[in-house]
Amino acid sequence: MVDYVIPPPPQASLAVAGSDARFPVRRIWCVGQNYAEHTREMGQEPGRAPPFFFAKPADAVVPGGGALPFPVKTSNLHHEVELVVAIGRGGRDIPAAEALSHVYGYALGLDMTRRDLQAEAKKAGRPWALAKGFDQSCPIGPVVPADQFGVPDAGRIALAVNGTLRQQGDLADMIWPVAEIVSQLSAFVALAPGDLIMTGTPAGVGAVQPGDVLHATCDGLGELDVTYGA
């Protein structure tokens with residue numbers, strides 16, 4: 001038995017749909033600007049340049065969403081609804097043709113962003129980890145096993161705030177589909193079981209205020225609700 005000098009942190013995990021088992025979260029990787037219209041609304045022109053990645057800590061996960069405190073140090077919190085890929089088998093330099101065989105399942109998630117901090121960091125040419133990797137910045141619903149969800153090549157994904165539709169897109173609109181994302185990321189890091197990959201958000205990102213109710217949906221993945229307190 002290992003004798004730690006302090007108690008080890010609890011293992012971050014997600015529910016698995018239709019099971020009492022849980023999916024352990026190792027790392028969270030995120031793909032930036034993977035939908036053309038969102039790329040444009042962020043002031044860039046979309047293209048087929050290699051995707052870029054950033055990360056969130058595993059303990060940013062909020063399993064199942066629910067009631068959350070409004071994040072500190074921001075006056076411009078933004079919602080970003082995304083398909084999440086849960087890696088079940090690791091590897092490095094994974095060919096795109098084999099990438100989906102490394103996927104355990106899929107989930108619906110929110111990449112919450114302190115947009116004001118991100119803009120300040122970008123302007124100063126500094127990293128924007130604190131804009132993305134803050135506490136409780138990653139609500140995610142249950143993982144649906146891949147053999148139940150199917151191939152992630154199409155499906156409506158959307159988010160409403162207080163009942164008003166804000167974001168709506170289709171997984172078919174992703175510039176880099178899931179197989180290519182997994183392949184590209186595995187060229188930079190060895191993927192391992194428990195890794196999550198957030199695959200980018202469609203257009204319509206916008207501000208969230210204290211008291212707002214967020215309702216996210218994706219075909220085949222159910223719903224995810226988050227309510228922000230003061």
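## A buried charged pair

Both Asp111 and Lys56 are buried, and they are a good place to start a tour of this predicted model. The two residues form a salt bridge, with 2.9 Å between the closest N and O atoms. Lys56 belongs to strand β4 (residues 53-56), whereas Asp111 sits in the loop between β9 (103-110) and β10, so this salt bridge ties together parts that are 55 residues apart in sequence.

Asp111 has another partner: Lys132 forms a salt bridge with Asp111, and here the closest N and O atoms are 2.8 Å apart. Because Lys132 lies in helix α3 and Asp111 in the loop between β9 and β10, this pair ties together parts 21 residues apart in sequence. Lys132 counts as buried because its relative accessibility is 3%, under the 20% cut-off. For Asp111 the value is 0%, so Asp111 counts as buried too. Stepping back, the salt bridges link Lys56, Glu80, Asp111, Arg115 and Lys132 in a network.

## A link between distant loops

How many salt bridges does a search of the whole structure find? There are six. One of them joins Asp195 to Arg27, with the closest N and O atoms 2.9 Å apart. This pair links distant parts of the chain, 168 residues apart: Asp195 is in the loop between α5 (178-186) and β15 (196-198), and Arg27 is in the loop between β2 (22-24) and β3.

Are the two partners buried or partly exposed? Asp195 counts as buried, at 0% relative accessibility, while Arg27 is partly exposed, with a relative accessible area of 22%.

## Helix α2 and its neighbours

Arg115, a member of the salt-bridge network, also appears among the buried residues of helix α2 (residues 115-124), together with Asp116, Gln118 and Ala121. What do these buried residues pack against? Their neighbours are β7, β10 (113-114) and α3 (129-132). After α2 comes Gly125, which has a positive phi near 70°.

## A five-stranded open sheet

Now for the strands. An open sheet of five strands runs in the order β6-β18-β17-β13-β14, with mixed pairing. Its edges are β6 (66-68) and β14 (164-170); each has a single partner strand, so one side of each is left without a neighbour in the sheet. From one strand to the next, the twist averages 15°.

Within this sheet, β13 (residues 156-161) runs antiparallel to β17 (residues 213-218), and five bridges join them. Across that pairing, Ile157 stands opposite Cys218 in β17. Strand β13 is also joined to β14, again antiparallel, by six bridges, and there Val161 faces Thr164 in β14.

Strand β17 in turn runs antiparallel to β18 (residues 222-228), with six bridges between them. Asp225 in β18 is the bridge partner of His215. The hairpin of β17 and β18 has three residues between the strands, and in it Gly220 takes a positive phi near 85°.

## Positive phi without glycine

Two residues to look at in the loops are Gln33 and Lys73. Gln33 is not a glycine, yet its phi is positive, about 50°. Gln33 is found in the loop between β3 (28-31) and α1 (36-41), where it counts as partly exposed at 23% relative accessibility.

Lys73 is not a glycine either and has a positive phi of about 60°. The loop between β6 and β7 (77-79) holds Lys73. With a relative accessible area of 70%, over the 50% cut-off, Lys73 is exposed.

Methods. Residues are numbered from 1 along each chain as its sequence is written. This is a predicted model: local features need pLDDT of at least 70, side-chain atom pairs count only at pLDDT 80 or more; totals for chains, interfaces and linings use all residues. Side-chain values use heavy atoms; hydrogens and water are left out. Two strands pair if DSSP finds at least two bridges between them. Helices (H or I, at least four residues) and strands (E, at least two) are DSSP runs, numbered from the N terminus. Axes are lines fitted to C-alpha atoms, for helices over the stretch in contact, and angles run from 0 to 180 degrees between N-to-C directions. Buried means under 20% relative accessible area, exposed over 50%, partly exposed in between (1.4 Å probe, protein chains only). Contact means heavy atoms within 4.5 Å. A salt bridge is a side-chain nitrogen of Lys or Arg within 4 Å of a carboxyl oxygen of Asp or Glu.
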